[in-house]
Amino acid sequence: MPPATGGGLAESELRPRRGRCGPQASRAAGRDVAARAAARNPKGLAWGSRRFETASRWALLALVTLLSFATRFHRLDEPPHICWDETHFGKMGSYYINRTFFFDVHPPLGKMLIGLAGYLSGYDGTFLFQKPGDKYEHHSYMGMRGLCAFLGSWLVPFAYLTVLDLSKSLSAALLTAALLTFDTGCLTLSQYILLDPILMFFIMAAMLSMVKYNSCVDRPFSALWWFWLSLTGVSLAGALGVKFVGLFIILQVGLNTIADLWYLFGDLSLSLVTVGKHVTARVLCLIVLPLALYTATFAVHFMVLSKSGPGDGFFSSAFQARLSGNNLHNASIPEHLAYGSEITVKNLQMAIGYLHSHRHLYPEGIGARQQQVTTYLHKDYNNLWIIKKHNTNSDPLDPSFPVEFVRHGDIIRLEHKETSRNLHSHYHEAPLTRKHYQVTGYGINGTGDSNDFWRIEVVNRKFGNRIKVLRSRIRLIHLVTGCVLGSSGKVLPRWGWEQLEVTCTPYLKETLNSLWNVEDHINPKLPNISLNVLQPSFPEILLESHMVMIWGNNGLKPKDNEFTSKPWHWPINYQGLRFSGVNDTDFRVYLLGNPVVWWLNLLSIVLYLLSGSIIAVAMQRGTRVPAEVAGLSQVLLRGGGQVLLGWMLHYFPFFLMGRVLYFHHYFPAMLFSSMLTGILWDTLLRLCAWGLASWPLARGIHMVGILSLLLGTAYSFYLFHPLAYGMVGPLAQDPQSPMAGLRWLDSWEF
């Protein structure tokens, strides 16, 4: 039968490549197909054809790269105000420029790159980034947006090259590039100061590098093989260094590597020494190198952010002692706790903060209507308490009284410095945590009742031992109820200023939530000691920062009136996300995927599962098919299977997450679904052309099909591009709106 239309054998048959499950078959297929091609083509014609094909590949690569950069940089300066999460990541870029320490739930690489881009482009770090809609005015923001647009622009050529290597088909690669170029969602994410384009850049770089070093299977340990293997490791470090979502591409590369090594181990033509070299190379390039680079980003992060800032309270007292400007940095404070001292008490659980109170009362129906006691993550005067004896109101700081140290087992009273109310508990239920008791501030000028008395205990110490500032791990046992002071970590509603709940738990099991240490300590009657000895080592800082990030990630909850979504919404493009503006007078930007692209991707996943299953069963049953069909089937199963695995790994884990989720979390998975669409439709159209080879117009089926998909995608971009580039004027329901008639789902809010 005649070959399918397009590139002839060069495109339809020369498709062997290594997948996750059959490198040996790919090698054999490559030799067989190459031999058939050579036999059927004269030498001169083959050479000319190869030169033409190479030139076509480079020309198309240049075209899709140019188009990608043009669409991403077009109107990059609009709107000249903060859009959506620019308020967070732009502010964090400013922190790097100002060397101010902050806390974020993501690793630091993406924010460091944003800060570096701002610094190199002349931004001085003085813009406050307070809220969406604030105008940038004279501040330079284009460098930070430009970095994100630059990295986002490379997604298209990376996907093009990946699909080209997996399918050996220019038309499949071109279709994939068109889907990503003309997707309004990818375009929108790439034009603002966000982590997403940086993350997706490293994910696609890792995917491309992995596919490339797979294609060098016949040249192991060559310079090109080492280059792509090392670049895979670098890209993995970059992806994980931006967001923990990078773990998904690490998992994909890991599975590919395991399958690769398993095949090599079974290849009896290789000596065990050679297999050992392969294992060592992968350990060095895919484990040691990424870990070294990932750790290096944190080393730079800690070195640059050397000044005290809003993130201090999330970390331990010892961590804070290394930050200049923090009251613990190079500080000298009394070593042992004494009566009359002004202190702050910090919970030892990560990101719980300081014992705190303020003049606001618990609302009606929430336990006793007494003064609120919470934990607060930031330094504040309302964190200060005075430690006093339980049975006297005399001033321990009176010069006529001798210094009396607080000891393990003492009965004490904690008086809030700003309000003069005592730390208090009783049998009323806590605001949020059932079966825990409420903790309040009670009394007038330090005079209360017996519910203000607490026994202070030091973990693993004997009765009578002094209590050391910062180093002693203490528990406060309520004398009347026998409960233990702790924090549940739950966020209080607005009446509690969204601070964290403090309770008194009757469960005496020792947990970090019920352990505290004394941090600040002011007592003019005591000598001071230097705190330099408490500064932690780099491994301790690295471990603590990861514990805090993981805790923070798991604790992310939606705020009032915040747009969130569920994972099942994402593939169907159910609901977008407002980046800027609401009313018809605002400059409105709405994050929404191009519905033609997204629904085509969704259809392609379904079709792939059906067609792939049929082909896999047929091949397993030993069905004899012509060489052309066998080659196309291998493309579909191996190339398509590789990107389908990527889609699954970047999508399904979100169903298991308890944290708040947003629409933009799906975009890494969307990259893989677009690559699957390119491979699937190119392969199906070639199979149709082959099946109808006897029909006079069969040769045109593939070309017409691909061209129709390209034109349809481009036209849909023309219709929906105002969502990405911004629009002012009537809303979609108005006939005069540029989006009139395009609100195909009621859940779209443009």
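**Helices, a buried strand residue and three loop positions**

Helix H15, residues 538-554, has 17 residues and spans 24 Å from its first C-alpha to its last, close to the 24 Å expected at 1.5 Å a residue. Please bear in mind throughout that this is a predicted model. The buried residues of H15 are Ile541, Leu542, Glu544, Ser545, His546, Val548, Met549, Gly552 and Asn553. What covers these buried residues of H15 includes helix H13, residues 272-304, and helix H14, residues 317-320.

I turn next to a pair of helices. How do H10 and H12 pack? Helix H10 covers residues 196-215 and helix H12 residues 246-266; their axes lie 10 Å apart and make an angle of about 10°. Angles under 35 degrees count as roughly parallel, and H10 and H12 are therefore roughly parallel to each other. On the H10 side, the residues in contact are Leu199, Ile203, Ala206, Met207, Met210, Tyr213 and Asn214. They meet Gly246, Ile249, Gln252, Val253, Asn256, Thr257 and Asp260 in H12. By class, this contact of H10 with H12 has eight nonpolar, five polar and one charged residues.

Now to a single strand residue. Leu485 lies in strand E11, which runs over residues 484-491. Is Leu485 buried or exposed? Its relative accessibility is 0%, so Leu485 counts as buried. Leaving aside residues up to four places away in sequence, Leu485 touches Leu355, Leu423, Val439, Trp454, Leu476, Val502, Thr503, Cys504, Asn513, Ser514 and Trp516. As for distance along the chain, Leu685 is 200 residues apart from Leu485, and the C-alpha atoms of these two leucines are separated by 69 Å.

Finally, I would draw attention to the backbone in three loops. Glu78 and Pro79 are joined by a cis peptide bond, with omega about -5°. Pro79 sits in the loop between helix H3, residues 43-73, and helix H4, residues 86-98.

Lys168 is not a glycine, yet it has a positive phi of about 55°. Lys168 belongs to the loop between helix H7, residues 155-167, and helix H8, residues 170-181.

Asn445, although not a glycine, has a positive phi of about 50°. Where is Asn445 placed? Asn445 is in the loop between strand E8, residues 437-442, and strand E9, residues 454-458. With a relative accessible area of 60%, Asn445 is exposed, whereas Leu485 is buried.

Terms used. Residues are numbered from 1 along each chain as its sequence is written. This is a predicted model: local features need pLDDT of at least 70, side-chain atom pairs count only at pLDDT 80 or more; totals for chains, interfaces and linings use all residues. Side-chain values use heavy atoms; hydrogens and water are left out. Helices (H or I, at least four residues) and strands (E, at least two) are DSSP runs, numbered from the N terminus. The expected span of a helix is 1.5 Å times one less than its number of residues. Buried means under 20% relative accessible area, exposed over 50%, partly exposed in between (1.4 Å probe, protein chains only). Contact means heavy atoms within 4.5 Å. Axes are lines fitted to C-alpha atoms, for helices over the stretch in contact, and angles run from 0 to 180 degrees between N-to-C directions. Angles under 35 degrees count as roughly parallel, over 145 as roughly antiparallel, 65 to 115 as roughly perpendicular and the rest as oblique. Ala, Val, Leu, Ile, Met, Phe, Trp, Tyr, Cys and Pro count as nonpolar, Asp, Glu, Lys and Arg as charged, and the others, Gly among them, as polar.
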